[in-house]
Amino acid sequence: NLVDTIRSDSRGLAVSKQLPLSRYTIREVKSPDHYGVNEEVLTAYLEYEGQILRFEVTNKSLSTGVSISKTGPKEVVSGQPVRYTFSGIANTSNVRLDSFYWRDTLPTDAVRLDKIITGTYNVPGNYKVVYQTNLSGGTWRTMYDNLSTMQNYTLDASPAALGLASNEYVTQFMVSFGVVPSNFRQVEAPRVYCNVVSWLT
């Protein structure tokens, strides 16, 4: 049962009302702006009248960070296969992220998507790959779902495999993980294979 809710003052001090002798658990449910909630659960044993117990709770300053690099050829010729490699996919924050994803916008004036090598990641979990096309009107469609972060997949993303119309092509795709902990990162690098359009000059 909830017996008391206390809020720290400007000096960071908080005091509960007088409580009956018993065992209590104390946990922080809200932290100051720009700080993370301390997940530690404290236990207080009140054993005699007038007993005062003191606890110190510290909060870590929140910092968030994501940095992803994409490398590929600077020049291509028509009909050539192209490979892009992604590196540095990671949650470099000191807190979990609730909606972690990486997304790629394709240079559709020059290439068409063929396949995606998903890579692997250091934390077990599931994710999905969604995409948009030149005809989808900004709507995301699911390409593949319920993929394991521990398995490296080769996903057929060709127009035929996705059932696209003859004048339709993928403009961007997104790999969506949802909630990831701090230090979530790639192990094997994802790669994307495209084909250069035949009319490229």
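In the predicted model, 68% of the contacts between residues at least 6 apart in sequence join residues at least 24 apart. The secondary structure of the chain consists of one helix and 11 strands, and from the N terminus on these elements follow the order β-β-β-β-β-β-β-β-β-α-β-β. The radius of gyration is 25 Å, well over the 17 Å that the globule rule gives for 201 residues, so the chain is more spread out than a compact globule. Along the principal axes, the C-alpha atoms fill a box of roughly 85 × 30 × 30 Å.

Of the 201 residues in the chain, 32% are buried. The accessible surface of the chain comes to about 13,000 Å², and carbon and sulfur atoms account for 47% of this area.

Strand β1 (residues 22–26) pairs with β2 in the antiparallel sense, over five bridges. Within this pair, R23 has Y45 of β2 as its bridge partner. Strand β2 spans residues 42–46, and its two faces differ in cover: L42, A44 and L46 lie on the covered face, whereas T43 and Y45 lie on the uncovered one. In a regular strand, side chains alternate between the two faces of the sheet.

An open sheet is formed by five strands in the order β3-β4-β11-β6-β9, with antiparallel pairing. Strands β3 (69–71) and β9 (154–156) stand at the edges and have a single partner strand each, so one side of each is left without a neighbour in the sheet. From one strand to the next, the twist averages 30 degrees. At the β3 edge, β3 and β4 run antiparallel and are joined by three bridges; here S69 stands opposite S87 in β4.

The largest nonpolar core contains 32 residues, among which L113, I116, V129, F173 and F177 touch the most other members. Two or more residues of this core come from each of β4 (81–87), β5 (97–105), β6 (111–117), β7 (126–133), β8 (141–148), β10 (170–180) and β11 (191–196). The largest share, five residues, is given by β10. In soluble globular proteins, nonpolar side chains tend to be buried together.

The surroundings of L113 were examined further. With neighbours within four places in sequence left aside, L113 is in contact with L106, M143, A157, S158, P159, V170, F173, V192, Y193 and C194. One of these partners, F173, is also listed with L113 among the core residues that touch the most other members.

Definitions and conventions:
Residues numbered from 1 in each chain as written. Predicted model: local features only at pLDDT ≥ 70, side-chain atom pairs only at ≥ 80, totals over all residues. Heavy atoms only, no water. Buried < 20%, exposed > 50% of the residue type's maximum accessible area, 1.4 Å probe, protein only. Helix = DSSP H or I, 4+ residues; strand = E, 2+ residues; numbered from the N terminus. Pairing = 2+ DSSP bridges. Core = buried A, V, L, I, M, F, W, Y, C linked by side-chain atoms within 4.5 Å. Contact = heavy atoms within 4.5 Å. Rg over C-alpha atoms; globule rule 2.2 N^0.38 Å. Areas by Shrake-Rupley, 256 points an atom, 1.4 Å probe, with all protein chains shown as cover. Axes fitted to C-alpha atoms, helices over the stretch in contact; angles between N-to-C directions.
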